[in-house]
Protein chains: 2
Amino acid sequence: MLTGEMLIGGVGVRGTAGEIHGFNPATGESVPPIFGAGDAADVDRACESAWSASDHYRETSLVSRAAFLDAAASEIVACGDALIERAMLETGLPRARLLGERDRTVAQLRLFADVVRDGGFMEPRIDAAMPERRPQPRGDYRQRHIALGPVAVFGASNFPLAFSVAGGDTAAALAAGCPVIVKAHSAHPGTSELVGRALQRAVAACGLPAGVFSLLFGNGADIGAALVAHHRIAAVGFTGSRAAGRALMAIAAARVEPIPVYAEMSSINPVYALPAALAARAATIGRGFAASVTLGAGQFCTNPGLFLAIEGPGIEEFEAAAAAEFESTIAATMLSSGIHAAFCAGVQRLSHHERVKVIARGRTGAGANQTPPALFATDAASLLDHAVLQEEVFGAASLVVRCRDATEMGDVAERLPGQLTATLHLEEADVPLARRLLPVLERKAGRIAVNGFPTGVEVCHAMVHGGPFPATSDGRSTSVGSLAIRRFLRPVCYQDLPASLVPVAIADGNPLGLWRRLNGELGKH
Amino acid sequence: MLTGEMLIGGVGVRGTAGEIHGFNPATGESVPPIFGAGDAADVDRACESAWSASDHYRETSLVSRAAFLDAAASEIVACGDALIERAMLETGLPRARLLGERDRTVAQLRLFADVVRDGGFMEPRIDAAMPERRPQPRGDYRQRHIALGPVAVFGASNFPLAFSVAGGDTAAALAAGCPVIVKAHSAHPGTSELVGRALQRAVAACGLPAGVFSLLFGNGADIGAALVAHHRIAAVGFTGSRAAGRALMAIAAARVEPIPVYAEMSSINPVYALPAALAARAATIGRGFAASVTLGAGQFCTNPGLFLAIEGPGIEEFEAAAAAEFESTIAATMLSSGIHAAFCAGVQRLSHHERVKVIARGRTGAGANQTPPALFATDAASLLDHAVLQEEVFGAASLVVRCRDATEMGDVAERLPGQLTATLHLEEADVPLARRLLPVLERKAGRIAVNGFPTGVEVCHAMVHGGPFPATSDGRSTSVGSLAIRRFLRPVCYQDLPASLVPVAIADGNPLGLWRRLNGELGKH
C-alpha cells in the first residue's frame, strides 16, 4: 500500500537523495517501506507545479474550494484504520489519541470549508465613486484579500495528523487559495504518505490542477532550506524547534524577495496560581497540573513547563498532590529517539542545576524511548537569574517556582519571554491581582486561560494559537482556528475597474451574498 | 515660536548630538532655528516614556481615544497658516498642495477616529462554552485584537504632513492604541516641531500620559537604528529609500525579539496602455500621463515611472502628446538638495544608457534644486535585459517602453518586481487582454487602477497603499486607508475568563454595540 514515493504535481516520484526509514519508537526498529529522499530538483518541480496551479486555484469559486476541503476530509476518513495503525506504529501514540487527532484534523478541514463558504475572509470593501466631489472627484475603490501564492508547510513531529500533511497550516493555506507543498516530517513518513495520497485523491476528484498539493521527503535541513529559498514560494508554515524555526526565518529574510514565515517554536506556558485559589483547592490544582504536564508523554507545545505560586497556604499541599500524580505516572514512549534524547538531556540539566531540586519522578517504563516524567522546583529569583531555567524541556517535565510575593510574581510575568499561553488559577478574592497581571500576560501570550490548563487547543473561531516571539516568529498570527486563514492572504485594491473585470466578491449587487464594508459600513450589501 | 527642541514624554528637550538645519530648497539657504539632534539616551527616554504609557493607552475607551484623534486633528488645523508657511519654506512645495496635504492629514486623523468609534478593528469573536459536549466539554473562548505596543514612525521627506509626524502611520498606530515615537525627517524640522507640538497639546488636553507621543530629531542613521533596536519598540513604520528600508528590516530581524517593519520603499508604478485604448485616445492618455509624472515635481511614491504600450496605432501620437506636455513644463523646486542630486544622477543614467533615447525634456527653471522633467523611451527587451532600467528615478522622469506584442507585454508584467500600483488603460475591446494581465498584476501590486493614473492615493476604507516587496517590506499591509490600523494589532484569545475580567469589547451583552462573530456568525450580538 505504501510506496515510499513523494507526490509531486500529482505523480509519485521516488526520491534518490538517500533513504528515510520510519521507526517504531516503542521498539527502536525500522519499519518498511524505505522512503526516497528528494533533492533540489524535486523541490523545483514541486514549486513549479504549485506555481502553475496557483493563479487558477486562487480563483476557484468558494463553493468548489469548500467542496475540495470537504473531499479532503472525507478521503482522510476513508483511510480508515490503516491510517491510525500506521500512525501508532510510527509515533508510539495510543490509538485513542490518534483517533482524536484524526477527528480534529478532519473537523479542521471542514471548519475551513465553512470559512470558505462564508467568504468573509476576503474582507470585501467597496467605497463608491463620488463623481461630484470637489475639488477632486473620487473614483470607485474596491478591495478584497487574495491568496499569497504557493505555501511551504513543514510537518511537525508531535502531531502526525493535526499539524502535519493535512494539518492546520495546510488547511488554512488551501482555504485561502494557496497551493501547498508539504515537507513531511521524517519521524512519520508512512503516515505522511497515506494522508498525502488522500489529499491527492481529493485534488483529482475535484478536477483541480495537480500542483495544488505536493509532498516531499528529505533528509537533514537541505530540502527544507531549498524549499523556503525557492522563488515560487510565497509563505512558510512551520512547527518545531526554535533553532530550526530561526534558521528558516533567516533563509526567508535573505531571499531576493523576503517572505513571511509562520514558525511556532517553543513555549513553556506558565501557570500562575493566585493565593486564594491555591488556598482553596491546592490538591485539585496539583492533580490537574500533573495531568496536563504528563498528557501524551508531555509532547504538547502547550505543555505547562512552569508553575508559579506565592509562598503561603496551599503550596505544600499543591506540591504533594502534583508529586503523587507524577510518581504514579509510568514513563510513556516518546515520539522519536531524538525527542527522547533531548528530553533526557533537559531533565539532566534541571536535575543537576544548583538552584533546582527534584520534587518527583515518575515510574520507569519497559519500552524504548521512555523516560519518567519529572517535576522540579526552584524560586523566582533563581528563575530570573538563570535563563536556562526558562528554556523549554519538550516532554513531561515542569518546574514549580515559588515567588516571595505578588510583586515578584509580577516581575516573573514581565520578564518571561513570549509564550503561546499563560494560565491563571484564581478565586474571586484574586481578581484584583489578576487584573494587574492581565495586561502583562496579554503582551506575553497568544491565549490566556483561567482555572484550566493550557493543553487542549480548541479549533474554533476565537482561538489564537500563536504568541509573541520566541513562542512564534510572528505574534500577529494564529496557526489554529478560523482566523489562521488570514496568514496566507493579502489585500488588493481595485480602482475604477469596469464591471466586466471586477472580481465577483466585490461586484455590484453582491452576487455571493457576502458581508461587505460599503463606504465603511458592514452589511450584506 | 519654534524652539528646535525634541519632545520627549511631554517635555521639550534640546538635543546635544549635533545640529540640524532646515533649508529652503528654493534658495539653498538654511532657515532658523537650529535644531538639536538627539542621541541614544534620548531614544531610551522616549522609549521608556512610551512604554510606561502603553498599557494604559491601549485600554483607553473607544470614545476617549477617538476624541484624542479628533483633538489632534483640530490642533493641527489650529496651527493655521504658520504651519503652511513653514512647510512651504522647508520643502518648496506650493501653498495649494500643502493646504491639500494638511486637509488630508486632518481628514485621516478623523477617519481613524471613526474607525476607533466603530470598534470593528478589534474583530471581537466569541465561541460560547459547550459544557455538555462529549467527549470533552468546550470552554468559553473570546478573542479581540490588541495594540502591539510602542511604534517607531519615520517621517518621510516627500509628504511633510501626510506621511510625517501626524501622518498615516502615526494616525493608524494611535488609533490601534500604540504610543508613537516619531523620528522627524531632517528635511523639514520646523514643520515637524509644529505638528509635534500640536499632537503634544492634544495628548495633554485629553489627559493622556505624556509618553503617548514623542518626537526625536537626529543626524544620520544612528538615531533611527537605535530606535528600531530598542527593546521597548514593538513595530516600525517607514517611508523612504530602499536602502534605508532594508537597513531597518535587518536591524529589526537581528533583535533579540524581532519586530515587524512596515517599510514603503520604492515603486515605478507601471502603466499598461492596451491597444484599443491607445488607438482610441492616445493624445488624451499622453497628456494625462505627463501630468501625473510631473505632478509635484514628480515626488510621489506612486509616480508612473514606466509606460508600456504595444507597437501599433497611437503610440507615436501618445509620445508626441506626452512630449509636448513635458517640454512645456518648467522645472520645479525639488524637496531637498539630496533628492535633487539623486534625480539628476538618475536622469543622467538614463540619458546615457545605450538602449534608451530621450523623447523630451522640460524647461529649465530659475531656482535652486531644479531639474527639468525628462521622458525617455526604450523597448521591452532592453527593459528586461537591463535591471537598471527598472529602478525608480525619484522625480519627474518616466520611461516609455514599446512591446512587440501582447505576449511581450505580459512578460514584462510577470518579470517586474513588486509595485505599489499598476494601471491599465483599456477599452471594451481590450477586456480579454486585461483579463489575462489582471492575475499577474494582482500578484505584483497593491492597487490596480483602470483608465486613470496612480498618483492620488485616496484615504478610504478600500485603499491599499502597499504591495509586494520591494515596493514595501510586507505586502500583507497598507499604510493608507482604514485597514492600516491592522498593522499595529495582534489577536489575543481569552479562555474561561470570569465576567469581572473579560475586556468590554468581548463582554456578555455586547455593551459597546460592536459587530462581533458569535460562534462564527457576524452580528451586533
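**Reading a sheet shared by two chains**

Reader: Which strand of chain B is joined to strand β19 of chain A, and how do I read such a link?

Author: Strands here are DSSP runs of E of at least two residues, helices are runs of H or I of at least four, and both are numbered from the N terminus; two strands pair if DSSP finds at least two bridges between them. In this case strand β19 (residues 489-495) of chain A and β18(B) run parallel and are joined by three bridges, and within β18(B) the bridge partner of Cys493(A) is Arg447(B). This is a predicted model, in which local features need pLDDT of at least 70 and side-chain atom pairs count only at pLDDT 80 or more, while totals for chains, interfaces and linings use all residues. Residues are numbered from 1 along each chain as its sequence is written, and chains are lettered from A and ligands numbered from 1 in the order in which they are written.

Reader: How many strands form the open sheet, and in what order?

Author: There are 12 strands, with mixed pairing, in the order β21(A)-β20(A)-β5(A)-β6(A)-β19(A)-β18(B)-β17(B)-β12(B)-β13(B)-β16(B)-β15(B)-β14(B). At the edges stand β21 (521-523) of chain A and β14 (357-361) of chain B, and each has a single partner strand, so one side of each is left without a neighbour in the sheet. For β14(B), the pairing with strand β15 (residues 374-379) of chain B is antiparallel over four bridges, and Ala360(B) stands opposite Leu375(B) in β15(B).

Reader: Which strands of chain B does helix α9 lie across?

Author: Angles run from 0 to 180 degrees between N-to-C directions, with axes fitted to C-alpha atoms, for helices over the stretch in contact, and two residues are in contact if their C-beta atoms, placed from the backbone, lie within 7 Å. Helix α9 (residues 275-294) of chain B lies across β12 (270-273), β13 (306-310), β16 (397-403) and β17 (419-425) of chain B, and runs at about 155° to β12(B). Helix α10 (residues 315-328) of chain B lies across β12, β13, β14, β15 and β16 of chain B, at about 50° to β14(B).

Reader: How many residues does each chain give to the contact?

Author: Chain A and chain B each give 57 residues. Among the elements of chain B that give two or more residues to this side are α14 (431-444) and β18 (445-450), and α14(B) gives the most, with seven residues.
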